[in-house]
Amino acid sequence: MTKVVFLGVSSDIPKIAVLARERVGDIEVMLPGDAGAAEAEVAVCWSPPPGALAAYPRLRLIHAIAAGVDNILCDPQLPALPLCRVVAPDLTVAMTEFITWGVLYYHRDLDRVIANQRNRIWHRIPLAAASSCSVGIMGVGQLGAHVAGELLRMGFKVRGWSRQEKTVEGMEGFHGEAQFEDFLGGTDILVCLLPLTAQTHGILNRVTLSALPAGAALIHVGRGGHLVSAEVQAMLENGHLRGAILDVFEKEPLSVESPFWSMPNVIVTPHIAAAASYDSVLDQIEENIRRLQQGEALLNVVDRSSGY
């Protein structure tokens, strides 16, 4: 039986540990401080304290409970072991639903309709075809490619930008720093789905947003570290950005003092765009533990040089 320690700063960790104990499987669930926890071979974690993983000398695998792993990679004492992340079908569907809602919110002018309602203005805004709206997706990995496909199916023009060249049938592709400004210049609704790396940290800043056409909108569902809040706020206040849907922030929970809460052209959501179910997370963890013990290739191994 494989000993697995669950640790980290997340309310999900103890809940997943309880569920793991209830499932029939070949793992022994441990928490930090439990007798025998120091002998754990696998660590399941989210935002583990710096140096925490290095305290388990028998570890063979580190497994995140979500797609993002920047909260683990930031540990300066992180052991040189395989690190796997979760890539779940239900997460992909949920993220696609959220982004599609956001795109339709701006394309169908519902932000303006709601503003008119507040002022008791009856004004019918003419409908525009989806093909008149260009959605730019920053980050064309598995999630981004799926979102692009769904938006293309609905008739939207879709352009995608990523570090390396990516191809999605029907999508206009851009890649690398040299093509970034061209990508932004033709984007009406910008969707951030990037992983958080040294290169993407703070990418939602004044320079990036200024390259968008005046009146563009932002849907941010990437990582909190992408957002430079003061500069996004300034672009919203000066009207260059029509509006923003913000799901992730530099510090969470978002401070009650944040101006985003009361800005009329901002929707704040509490990091709910997508999350894999606990069962789906455990399915992947258990499969990777089986593969580890059998010497097979692991699923969704993180490339530490790229950060995802």
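A salt bridge, as the term is used in these legends, is a side-chain nitrogen of Lys or Arg within 4 Å of a carboxyl oxygen of Asp or Glu. The model shown is predicted.

**Figure 1. Salt bridge between Arg112 and Asp109.** The closest N and O atoms of Arg112 and Asp109 are 2.7 Å apart, within the 4 Å that defines a salt bridge. The two partners differ in burial class: Asp109 is buried, with a relative accessible area of 12%, whereas Arg112 is partly exposed at 40%. Side chains of opposite charge can pair when their charged atoms come close.

**Figure 2. Salt bridge between Arg153 and Glu150 in helix H5.** Here the closest N and O atoms are 3.0 Å apart. Both residues belong to helix H5 (residues 142-153), and because they are three residues apart in this helix, about one helical turn separates them. Arg153 is exposed, with a relative accessible area of 61%; Glu150, at 26%, counts as partly exposed.

**Figure 3. Salt bridge between Asp279 and Arg23, and the network around this pair.** The side chains of Asp279 and Arg23 meet at an N to O distance of 3.1 Å. Asp279 lies in helix H9 and Arg23 in the loop between helix H1 (12-22) and strand S2, so the pair ties together parts that are 256 residues apart in sequence. Asp279 is partly exposed, with a relative accessible area of 42%. Arg23 and Asp279 are linked with Asp283 and Glu286 in a network of salt bridges. The structure as a whole holds 15 salt bridges.

**Figure 4. Nonpolar cores of the protein chain.** The largest nonpolar core has 52 residues, and Phe6, Ile137, Leu193 and Val221 are those with the most contacts inside it. Helix H3 (residues 89-107) contributes the largest share of this core, seven residues. Another core lies apart from it, with 27 residues, among them Cys192, Leu194, Leu227 and Val232. In soluble globular proteins, nonpolar side chains tend to be buried together.

**Figure 5. Surroundings of Phe6.** Leaving aside residues up to four places away in sequence, Phe6 touches Ile13, Ile16, Ala17 and Ala20. Its other contacts under that condition are Val29, Met30, Leu31, Pro32, Val44 and Leu282. Phe6 is also one of the residues with the most contacts inside the largest nonpolar core.

**Figure 6. Glu28 in strand S2.** Strand S2 comprises residues 27-30 and includes Glu28. Glu28 is partly exposed, at 31% relative accessibility. When residues up to four places away in sequence are not counted, Glu28 touches Met1, Thr2, Lys3 and Val4. Ala40 is twelve residues from Glu28 along the chain, and the C-alpha atoms of these two residues are separated by 8.9 Å.

**Figure 7. Nonpolar surface patch involving helix H4.** Leu110, Val113 and Ile114 make a nonpolar patch of about 210 Å² on the surface. Ile114 is found in helix H4, which covers residues 110-118. With a relative accessibility of 33%, Ile114 counts as partly exposed.

**Figure 8. Backbone geometry at Arg120, Asn300 and Pro253.** Arg120 has a phi near 55°, a positive value in a residue other than glycine. This residue is found in the loop between helix H4 and strand S6 (134-138) and is exposed, with a relative accessible area of 81%. Asn300 likewise has a positive phi, of about 55°, although it is not a glycine. Asn300 is placed in the segment after helix H9 (278-294) and is partly exposed, with a relative accessible area of 28%. The peptide bond from Glu252 to Pro253 is cis, with omega near 0°. Pro253 is located in the loop between strand S11 (241-246) and strand S12 (266-268).

**Figure 9. The protein chain from which the close-up views are taken.** The chain has nine helices and twelve strands. Its radius of gyration is 21 Å, close to the 19 Å that the globule rule gives for 308 residues, so the chain is as compact as a globular protein of that length. The C-alpha trace spans about 65 × 40 × 35 Å along its principal axes. Buried residues make up 50% of the 308 residues. Of the contacts with a separation of 6 or more, 62% are between residues 24 or more positions apart. The chain exposes about 14900 Å², of which carbon and sulfur atoms supply 54%.

Conventions:
Residues numbered from 1 in each chain as written. Predicted model: local features only at pLDDT ≥ 70, side-chain atom pairs only at ≥ 80, totals over all residues. Heavy atoms only, no water. Patch = residues over 30% accessible without salt bridge, like charges linked within 9 Å, V, L, I, M, F, W, Y side chains within 5 Å. Areas by Shrake-Rupley, 256 points an atom, 1.4 Å probe, with all protein chains shown as cover. Helix = DSSP H or I, 4+ residues; strand = E, 2+ residues; numbered from the N terminus. Buried < 20%, exposed > 50% of the residue type's maximum accessible area, 1.4 Å probe, protein only. Core = buried A, V, L, I, M, F, W, Y, C linked by side-chain atoms within 4.5 Å. Contact = heavy atoms within 4.5 Å. Rg over C-alpha atoms; globule rule 2.2 N^0.38 Å.
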